[in-house]
Amino acid sequence: MDRSALWRAAAVQALSVSVLSFVLALALPHAFFEDWGWLAGPAAWLVCALVTAAAVRLPAGRVLVGAALAGLPSVLAVVVGAHWLGAVVAIVLFALWCARLAREPGLPARAV
C-alpha cells in the first residue's frame, strides 16, 4: 500500500467532492436533487474520481472501477438518511483502493 497515494487520493477526492457539491448546490434548485440525485450524485462522484486519478497519476479506468465499488456502501447510507456519512466511508474506501493501485507493478513511478 502506498501511503502517500492514500492520503493524496483521500484529500483530492474529499476536496473535489466538496467543491463540486457546493457549486451544484448553488447552481441548481433542491428539487433537482430530489428528482435527479440518484443520477447526479454518482456522476459527480465519478467526475471527482477522474480528477483524483489525474492528480495522483493513476490509470483513469482502474480508478473509476474503484470509485464505483467504493461508492456502493454509500447507497445504503442514502437509504437510511446518512448521505454524508456514506460519502466519508466511500472516500476512505476509495483512497485505500488508490493506495493499493499505486503499488501495482507496471505503473510508472510517481513523484511524491
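Hi everyone, let me start in the middle of the fold: the largest nonpolar core has 22 residues, and the ones with the most contacts inside it are Trp45, Leu58, Val63 and Phe94. Four helices each put at least two residues into this core: α1 (3-27), α2 (30-56), α3 (60-79) and α4 (83-102). The biggest giver is α4, with eight residues. Please keep in mind that this is a predicted model.

Let's pick one of those core residues and look around it. Which residues does Val63 touch, once we leave aside its neighbours within four places in sequence? The list is Ala49, Ala53, Leu58, Phe94, Trp97 and Leu101.

Now move along to Val65, which also has its place in helix α3. Is Val65 buried, partly exposed or exposed? Val65 has a relative accessible area of 44%, so we call it partly exposed, the bracket for that being between 20% and 50%. Its C-alpha atom is separated by 9.4 Å from that of Trp97, and the two residues are 32 apart along the chain.

Next, a residue I'd like you to find on screen: Gln13, in helix α1. Its relative accessibility is 0%, so Gln13 counts as buried. What is around it? Leaving aside neighbours within four places in sequence, Gln13 is in contact with Trp45, Cys48, Ala49, Thr52, Ile91 and Phe94. Two of those names, Trp45 and Phe94, you heard a moment ago among the residues with the most contacts inside the core.

Let's stay with α1 as a whole. This helix has 25 residues, and from first C-alpha to last it reaches 36 Å, close to the 36 Å expected at 1.5 Å a residue. Its buried residues are Ala5, Leu6, Ala9, Ala10, Gln13, Ser16 and Val17. And what covers them? The cover includes α2 and α4.

We can do the same exercise for α4. It has 20 residues, which at 1.5 Å a residue should span 28 Å, and the end C-alpha atoms are indeed 28 Å apart, so the two agree. The buried residues of α4 are Gly86, Ala87, Ala90, Ile91, Phe94, Ala95, Cys98, Ala99, Leu101 and Ala102. Those buried residues pack against α1, α2 and α3.

On to the empty space. The largest pocket has a volume of about 820 Å³. The helices that give two or more residues to its lining are α1, α2, α3 and α4. In total, 27 residues line this pocket, and Gly37, Ala40, Gly41, Pro42 and His83 lie nearest its centre. Which helix gives the most to the lining? That is α2, with 10 residues. What about the chemistry of the lining? It divides into 21 nonpolar residues, six polar ones and no charged ones.

One last stop, for those who like backbone angles. Arg57 sits in the loop between α2 and α3. Its phi is near 60 degrees, a positive value in a residue other than glycine. Is Arg57 buried or exposed? With a relative accessible area of 53%, Arg57 is exposed, the cut-off being over 50%.

So, to take home from this predicted model: a core of 22 residues, with α4 as the helix that gives the most to it, and a largest pocket to whose lining α2 gives the most. Thanks for listening, and I'm happy to rotate the view for anyone who would like another look.

Terms used: Residues numbered from 1 in each chain as written. Predicted model: local features only at pLDDT ≥ 70, side-chain atom pairs only at ≥ 80, totals over all residues. Heavy atoms only, no water. Core = buried A, V, L, I, M, F, W, Y, C linked by side-chain atoms within 4.5 Å. Buried < 20%, exposed > 50% of the residue type's maximum accessible area, 1.4 Å probe, protein only. Contact = heavy atoms within 4.5 Å. 1 Å grid on protein atoms, 1.4 Å probe; cavity = no way out; pocket = protein on both sides within 12 Å on 5 of 7 lines; lining within 4 Å. Points joined across faces, edges and corners; volume = space filled by probe spheres on them. Nonpolar A, V, L, I, M, F, W, Y, C, P; charged D, E, K, R; others polar. Expected span 1.5 Å × (residues − 1).
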